[in-house]
Amino acid sequence: MKRIGIYGGTFNPPHAGHIRGAAYAIETLELERLLLIPSCISPHKRLPDHSPAPEQRAKMLELAAGVNMEVSDIELRRGGTSYTYETVEQIAVQYPDAELILLMGTDMFLSFLTWMQPQRILQKASLGVLYRGDRDELEEIEAQKKNLEAQGAKVYLVKNPVTAISSTQLRRMLIFQCAGPFLPKGVESYIRKNGFYGTAKDYRNLSLEELEQVAVSLVKPNRVAHILGCRDTAAELARRWGANETDAARAGLLHDITKALDGPLQLTLCREYGMMLDAFHEKNPKTLHAITGSLVADRIFGENREVVAAIRSHTTGKANMNTLEKILYVADYMEPNRDFPGVEKLRELAFTDLDKALKLGLEMTLKLLKEQGREISPESAEALAFLERSGV
Ligand code: FE
Ligand code: FE
């Protein structure tokens, strides 16, 4: 019996992770054809503001589709909320002699029984689960497979070797202009031509208020309070120490602008910007957000050299820092949302002796890294040595 795959989703936008995963499923499950089905309105997630219309998501999917993939507008034609059971029943009428395999990721599989009419889906289709293969994940998946099989389901598990990237991350990468490696040919130019996902906006010369809005939209929700606190604290310290308050506030808002990107995406950004990395950063992508943040502050936001430099050294410090660099380093450490033993001492020093505050911050960081058995960046060691030589 021939097999037809069904792969639905919002595809906002479709990216290489979808298409490579789909190609892999076609091969391993020996699908004769795979139907890519953009949802009209997803029952599972609300799309971010300014997302393309359903027809435009379908158009992008047409551009992205690979060999033996076909975009189906079945859910667009039905309109309204797209329920998978309705889609599967419709397709079953079109292909009465085929085995239908409904593809999904781990999360969707684990929540399958909460979908609308799961039993009606199982009557018409098998399930094909593309999973990532972490160990605890696999246990849960196996348990769910057994559970569903007891209810008459047929389940195929496919270990997906394709690197993970989410559409949320991809939209960030688009704004930072480094999404190219994750977008099928034609999709990126279509996105930019239509200005989807904020790609038409010029991010240079934003007012402080506009910059705040953009920064808030690009960091993770749990980091918003931190960047706002850092902006305010940096500005206060600038007033205290005679640095430029606006620069301090802008650096505070932007210093963690790329922090939401995981290690591999940090490395991609560096590669796309032509940035060569030293051995320490290659091995420790966690500290990379200072470098990538400064690159983005420069090229995307058009910030001045002082702001860019302050962001560049905000995690590790460096020898011979200027006032703004010290301010951002210290503000990041002691803004009002920070809470750790010793923070009060640091807050006091920040306004009485900036160099001593910087030194205390560096010492605490190095001590923590040592305790955790982690490698210390050469720049932090040099920063501390410099302060000691200067008699701080
Ligand atoms: Fe940071
Ligand atoms: Fe920070």
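What follows is a conversation between a visitor and a guide about a predicted model.

Visitor: Why is Arg-231 called buried?

Guide: Its relative accessible area is 16%, and buried means under 20%, so Arg-231 falls on the buried side of the cut-off. The residue lies in helix α11 (residues 224-241).

Visitor: What is Arg-231 in contact with, leaving aside its neighbours within four places in sequence?

Guide: Glu-212, Ala-249, Gly-252 and Leu-253. Contact here stands for heavy atoms within 4.5 Å.

Visitor: How do you know that the span of α11 agrees with what its 18 residues should give?

Guide: We set one value against the other. At 1.5 Å a residue, counting one less than the number of residues, α11 should span 26 Å. Its end C-alpha atoms are 26 Å apart, so the two agree. Just after the helix, Gly-242 takes a positive phi of about 70 degrees.

Visitor: Which helices do the buried residues of α11 pack against?

Guide: They pack against α10 (208-218), α12 (245-254), α17 and α18 (343-352). Among the buried residues of α11 are His-226, Cys-230, Arg-231 and Leu-237.

Visitor: What makes Asp-256, His-289 and His-314 donors of the iron ion (ligand 1)?

Guide: Their donor atoms, OD of Asp-256 and NE2 of His-289 and His-314, lie 2.2 Å from the ion. The cut-off is 2.8 Å for N, O and S atoms, so these atoms count as donors. In sequence the spacing is D-x32-H-x24-H. Asp-256 sits in the loop between α12 and α13 (263-272), whereas His-289 is in helix α15 (residues 288-299), 33 residues apart.

Visitor: Are Asp-256 and His-289 buried or exposed?

Guide: Asp-256 is buried, and so is His-289. Asp-256 also coordinates the iron ion (ligand 2), which is 3.3 Å from the iron ion (ligand 1).

Visitor: How do you know where the largest nonpolar core lies relative to domain 1 (3-166) and domain 2 (202-389)?

Guide: Both domains give residues to this core, so it lies between them. The core has 95 residues, of which Leu-34, Phe-176, Phe-301 and Val-330 touch the most other members. Helix α17 (residues 323-334) gives the largest share, eight residues. The centres of the two domains, taken over C-alpha atoms, are 41 Å apart.

Visitor: What does Phe-176 touch, not counting residues up to four places away in sequence?

Guide: Its partners include Leu-218, Ile-257, Leu-261, Tyr-273 and Ile-300. There is also a second, separate core of 27 residues, with Leu-35, Ala-98, Ile-121 and Val-129 among them.

Notes:
Residues numbered from 1 in each chain as written. Chains lettered and ligands numbered in written order. Predicted model: local features only at pLDDT ≥ 70, side-chain atom pairs only at ≥ 80, totals over all residues. Heavy atoms only, no water. Core = buried A, V, L, I, M, F, W, Y, C linked by side-chain atoms within 4.5 Å. Buried < 20%, exposed > 50% of the residue type's maximum accessible area, 1.4 Å probe, protein only. Helix = DSSP H or I, 4+ residues; strand = E, 2+ residues; numbered from the N terminus. Domains from an automatic or database assignment. Donors = N, O, S within 2.8 Å, 3.2 Å for Na, K, Ca; no water.
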